[in-house]
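Dear colleague,

I am passing a structure on to you, since you have not worked with it before. Please look through it first, and then read the notes underneath.

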Amino acid sequence: MAGMLTPNLPQAATTIARDGNALRILDQTRLPHAEHYLTLATLDDAAQAIGVMQVRGAPLIGATAAGGLALAMQAGARDTDLARAVDLLAATRPTAVNLQWALARMRERLAPLPPAARAAAAWDEAESIWEQDRACNHAIGRHGLELLARLTVAHGRPLKIMTHCNAGWLAAVAWGTALAPVYLAHLQGLQPQLWVSETRPRNQGLLTAWELARAGVAHTLVADNACGQLLASGQVDVVITGADRIAANGDVANKVGTLLKALAAQAYEVPFYVAAPCSTVDMNCRRGADIPIEQRDAEEVRVVQGSSGACRIAPASTACANPAFDVTPAALLAGIITEHAIIAPGALATLMARPAPVEQQASFS
Ligand code: MRU
């Protein structure tokens with residue numbers, strides 16, 4: 001579990017670790033008010049943690065599902081156990097494709113093995129998925145850093161970057177996606193300044209603010225509704241968000257509210273980038289309209305969570321809709337920052353044929 005308890009620097013931080021025959025996670029429902037770790041001992045614990053968003057973010061959901069399958073195989077590893085565990089985990093959240101990606105990879109490794117060999121192989125594969133996520137996100141950081149360094153020179157001053165939701169190390173095994181380039185830029189002395197949008201209804205922007213504060217990155221929290229004004233008044237140089245699923249045509253599903261930022265960014269000619277590993281690309285999904293959008297409980301809109309607990313802001317009788325994601329058309333993107341390169345949304349097919357990069361030395365000098 002090296003690094004788990006010392007997440008001040010993003011390269012040392014990790015959100016999930018094996019702890020004997022269990023998983024240890026940081027409970028994100030308690031952040032930013034309390035740093036509380038949880039032990040997940042069973043398949044049901046893992047499915048529950050994903051469903052109630054104790055873990056969240058596309059890469060971390062996939063990573064937790066892989067660990068959940070290892071927990072399941074410890075308790076029973078017949079073909080029926082494997083199928084049941086995969087089905088249970090697959091049903092936890094519908095939009096982030098990393099979940100299906102990780103489960104498919106686990107099943108491919110485990111299905112040909114005899115039941116007695118499955119638990120050990122499941123841990124091995126889960127840890128390799130975690131390692132791949134760390135390596136891919138660091139590679140995303142390196143490609144994104146080149147972009148941010150170029151833009152910093154072009155503007156002749158530190159960049160003002162807008163992001164949405166939380167696509168930092170809390171949303172992944174390590175580093176994060178949209179925030180990986182920001183962390184590397186910070187470590188390089190480029191002094192990036194972040195606009196962090198609150199991200200109603202679950203306020204994942206507060207997680208981003210928490211992460212950035214711990215890493216010493218300058219940031220300002222704003223209400224979601226302030227972002228159009230910031231983009232219109234020249235206070236944003238570039239927008240970078242994460243992604244939960246990218247369709248084959250480059251359309252991107254991400255946390256609800258992303259689309260409005262992308263539309264405003266286009267109107268005011270601010271480049272809008274998405275950062276995501278290839279495990280977030282779904283070549284079986286032809287276009288964004290085919291991506292399933294998770295509809296979450298209306299109570300998330302009516303009740304906000306704060307440092308002193310839950311606060312009801314609308315009566316239970318108020319009708320609410322809670323689509324958790326939206327789809328940004330490929331045409332609004334300046335590029336997709338992946339572990340291989342920054343690519344045009346139309347270049348996904350070529351990109352997806354390439355193997356994942358091997359982690360390079362995480363050196364910041
Ligand atoms: O519903 P969540 O919190 O799991 O939301 C997913 C996300 O974290 C964001 O949409 C993020 O931008 C993409 S995942 C790095």
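The notes below take up the nonpolar cores and then the surroundings of the ligand.

Please keep in mind throughout that this is a predicted model.

I began with the interior. The largest nonpolar core is made up of 41 residues, and those with the most contacts inside it are I16, L69, M73, L89 and W130. Several elements supply at least two residues each to this core, among them strand 2 (22-26), strand 3 (37-40), helix 1 (43-51) and helix 5 (115-155), while helix 2 gives the most, with 11 residues. If you would like one residue to start from, M73 is in contact with D81, L82, L110, R118, A119 and A122, once its neighbours within four places in sequence are left aside. There is also a second, separate core of 35 residues, which includes V182, Y273, A275 and I337. As general background, nonpolar side chains in soluble globular proteins tend to be buried together.

I then turned to the ligand, which has 19 residues around it, and of these R56, R93, D244, N254 and K255 come nearest. For D244, a polar side-chain atom lies 2.5 Å from an oxygen atom of the ligand, and for K255 the distance from an N or O atom of the side chain to a ligand oxygen atom is 2.7 Å. Q204 likewise has a side-chain N or O atom that is 2.8 Å from an oxygen atom of the ligand. Taken alone, the ligand exposes 400 Å², and the protein buries 100% of that area.

With best wishes

Note on methods
Residues numbered from 1 in each chain as written. Predicted model: local features only at pLDDT ≥ 70, side-chain atom pairs only at ≥ 80, totals over all residues. Heavy atoms only, no water. Core = buried A, V, L, I, M, F, W, Y, C linked by side-chain atoms within 4.5 Å. Buried < 20%, exposed > 50% of the residue type's maximum accessible area, 1.4 Å probe, protein only. Helix = DSSP H or I, 4+ residues; strand = E, 2+ residues; numbered from the N terminus. Contact = heavy atoms within 4.5 Å. Near = heavy atom within 4 Å. Polar contact = N/O pair within 3.5 Å; in protein donor to acceptor, adjacent residues only side chain to side chain. Areas by Shrake-Rupley, 256 points an atom, 1.4 Å probe, with all protein chains shown as cover.
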